[in-house]
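Reader: Could you take one part of this model and go through it closely, rather than touring the whole chain? I would like to know what sits where, what touches what, and how that part relates to its surroundings.

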Amino acid sequence: MAVKSFTESGYHLPGVRLGTSLKQTMFPAKIMKPTFKSYLPPAQTDVKNTIEQPLKKLEAKLLSGEIVVNEVNFVRKCISTENNQEGLWGKLICTNFKVSFIPQDPSPKQTSTLSHLLLGEHDIPLTCLEQVVTVNDTKGKKKVLGSNQKLKFNPTELILYCKDLRIIRFCFDEAGPESAKKVCLAIAHYSHPADLQLLFGFEYQGRRYHESKEERVNGSPPRGGLQTPMFDRSSDWDREIKRTNASEWRVCSINQSYFVSSSLSEHIVVPASLTDQDLMNYAVSFTDGRIPMWCWNHPNGSALVRMASLTDPLQHRKPEQKIFAAITKSHPQRNEPFRSDLDKSLPSILDIQSAFVKLRQICILDPFEESEERWLSTIENSRWLEYVRAFLKHSAEMVYHLDGKNSSVILQEEEDRDLNCVISSLVQLMLDPHYRSLMGFQSLVQKEWVMAGHRFLDRCNHLKKNDKEESPLFLLFLDCVWQMMNQYPAAFEFTETYLTVLSDSMWIPLFSTFLFSSSKQRRQHLMDFAKHKAIPQGEDQVVYFPPVWEWSQQFSTKDQTLFNNPMYVGKGAACVQNGEVKTFKRTKQKAYSSTLRGPSTPVRNGIKGAEDTLTRRVSLVTELKSELTPVKDESPSERFFKEWFSRPADLQGLLIPLVMPSHMAFWKLFFLRWVPEACISKGGPVTTYHKLSQLVDEIEILQSQLRQYKGTSPSSTPLPNPGGPPSERRRMYFKASSPDDPPTPPDYLTSSFPFTPEGNLSRRTVQGTPISKFLNGARIWLSTETLANDTV
């Protein structure tokens, strides 16, 4: 390539100044001390050899309908690994879907990472961006970019703060200043869509539908073979009523075409004794027409119900009493229901958002070296774990009324779209083992969050229009689920990897599950979308804009096996935890029962009310003393929990979590997976997961071989394949090892598995500090400050 054409094309070598003569660069008269710092690996610093080879053209892998809107060459992505302390050189690209970085020399495929079918290793969906920050080091300037903003300085760095807690940093050491500025502005603009229809999912799914039309014509199962019920049809609710034996309840369709409520689904379950006309008359008394609706039935006949508040409590008390009387009538013993006002008993959505912002600051933004002495106490002071505990504690109280007192429970919240989603889901998770299976859990989220009208669009702030509406309610729920999994790891079919991936999927705008705030909003947008994309009228929306539950669109069959828990066992089996067989017999019952003790609740209008206030902080000193002091007069609830914890837990029956502050653990995989300093090589729970998966795989192979041998006929059937079932049909990610395999875990296993912190903004080492002690298992609630300052 001629020198002229090379320079005119706009390409130049990183680390080589443009004003330097190529002749002087390639053939210096004498060896001189270099006057610049090379950012290339040593093997590539031979400029002559680099120029003689054609410069590699870097292209992004684009999805159907995805277009490049801006790009810049010679960008350095700042990473910190043992082999590369400087970073990766390549091209930074902004599309209408993602921010993509294409390395000039891609690193070898990471065995330890989860391979996403829609996103590359260095890709970030635009909806995942929390903040876009440009920096000019020489001028000491910094600016957070929004949509349609101007940038008055040439950026030397771009820092992307992501909603999945990543921090990605790009440096423009050798990039053209104008090109760098344009790509920064493009990223900021396209990450702030003006309208929901501008999210890339609408373009992508429209094209995908038409491209796959021939496959559907040739015969495919209804709804693409989706097994998770969507609860957008009355038949799904009918099956749930039959499964729980709720014979006194029926499916009601008074909200057809969203006539009664704009936020409820078209089909709800109501007491069978109420007529449709009665319900339509009563609906006007409740916020947005959200009348009390059924969630779940206990085998003893008690029901879990959720409802919005009355629009005018004084004027509309009569309709409420009539509905409550119908709920009482639906109970076999005609027991009065127990009402719990969650707005008065639990933290608000603003409290939860504030706690999460503080926690995010502690985990990923604050330099450890500046806050290490108080790191553990600051985690506690964020109040995130306190709120997780509060929701678990309140759910356990509702379980007592349903299971222990044989009373129906009515969860009340002003709009019935936030706190009710969390509590109703947790109560069902504790009481019904069906929801602790993978498909059952997905149906629970679909039923109690998606179809119940949780404001995903607002709470996730996908359009970045109203920060005051943003609140991580769904993440709080997943953390509560993880706390239960951490205490009863053999009771759940899915893993914490599944929970983390599910959380990450909120920021991928290609699926309908987390994009909308109600069924009506989903219906309207998808009808407009279908019309615009020439999709036939009457086509199933699940087919042309699928939910997140179609995991095959994101992950291979092998990677989906990371969702499978090798410890998940059948009824009555013990659990293997930390190498020991445990039956979960608890000896410190009084400590748990003391956390649930409260004043007797008054009876108002024939309905028992819950506690009006939430005890924000529980004295650990008092709780620790209670373990040594006999309880003289136990309440019925204390006896209920004492008796439950005195028996081995039935992992396929009722599960109640321990809710003392010291029992709350920090979800390290989610909150610290991108922090390089927190990544433990060949350590963490993954080492246990690795060994157990191999053991389960070996057992399944032997069982398969045994079944085949039992079914063989000596005269006609050949001997079975000694390898067992094909690898793609095996349930575990890690396959059974051979005698020749080393006994130690593979080198690629880390505590962040299957994620990798490589490429995240790194900080200094923290050896010997409280954070390193915490990572090694130190508790974080039992701090000296807590013991001294906690008050009831």
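Author: Helices, of type H or I with at least four residues, and strands, of type E with at least two, are DSSP runs that are numbered from the N terminus. With those labels, histidine 434 can be placed in the loop between helix H15 (419-431) and H16, and this is the part I will follow, keeping in mind that the model is a predicted one.

Histidine 434 has a relative accessible area of 30% and is therefore partly exposed, since buried means under 20% and exposed over 50%. If neighbours within four places in sequence are left aside, histidine 434 is in contact with Arg243, Gly440, Phe441 and Ser443. Farther along the chain, glutamate 493 is 59 residues from histidine 434 in sequence, yet the two C-alpha atoms are 9.9 Å apart in space.

The contact with Arg243 leads to helix H7, which covers residues 234-243. Within H7, the buried residues are Asp236, Trp237, Glu240 and Ile241. Viewed down the axis of H7, these buried residues fall within an arc of 140°, and so they line one face of the helix. An α-helix has 3.6 residues a turn, so residues three or four places apart point the same way. The face turned away from the buried side of H7 carries Arg239 and Lys242, both exposed. On the buried side, the residues of H7 pack against strand S9 (249-252), strand S10 (268-271), strand S11 (293-297) and helix H16 (438-450). H16 thus comes up twice, because the loop that holds histidine 434 lies between H15 and H16, while the buried residues of H7 pack against H16 as well. After H7 comes asparagine 245, whose phi is positive, near 60°.

Two of those strands also meet helix H8, for the cover over the buried residues of H8 includes S9, S10 and helix H9 (317-329). H8 runs over residues 276-283, and its buried residues are Leu279, Tyr282 and Ala283. These cover an arc of only 100° around the axis, which puts them on the same side of H8.

Past H16 in sequence, helix H18 (residues 473-487) packs with helix H19 (residues 496-504) at an angle of about 180°, their axes being 10 Å apart. That angle makes the two helices roughly antiparallel. H18 brings Phe474, Leu475, Leu478, Val481, Trp482 and Met485 to the contact, and H19 brings Glu496, Leu499, Leu502 and Ser503. Sorted by class, the residues of this contact are 8 nonpolar, 1 polar and 1 charged.

For the wider setting, the chain has 29 helices and 18 strands, and 55% of its 792 residues are buried. Of the contacts in the chain between residues at least 6 apart in sequence, 74% join residues at least 24 apart. As you may wish to know about cysteines at the bench, a search of the whole structure finds 0 disulfides. Cysteine 184 is in none, and the nearest cysteine sulfur, that of cysteine 94, lies 10.0 Å away. With a relative accessibility of 0%, cysteine 184 counts as buried, and cysteine 460 does too, at 4%.

Notes:
Residues numbered from 1 in each chain as written. Predicted model: local features only at pLDDT ≥ 70, side-chain atom pairs only at ≥ 80, totals over all residues. Heavy atoms only, no water. Disulfide = S-S within 2.5 Å. Buried < 20%, exposed > 50% of the residue type's maximum accessible area, 1.4 Å probe, protein only. Axes fitted to C-alpha atoms, helices over the stretch in contact; angles between N-to-C directions. Parallel < 35°, antiparallel > 145°, perpendicular 65-115°, else oblique. Contact = heavy atoms within 4.5 Å. Nonpolar A, V, L, I, M, F, W, Y, C, P; charged D, E, K, R; others polar. Arc of directions from axis to C-beta.
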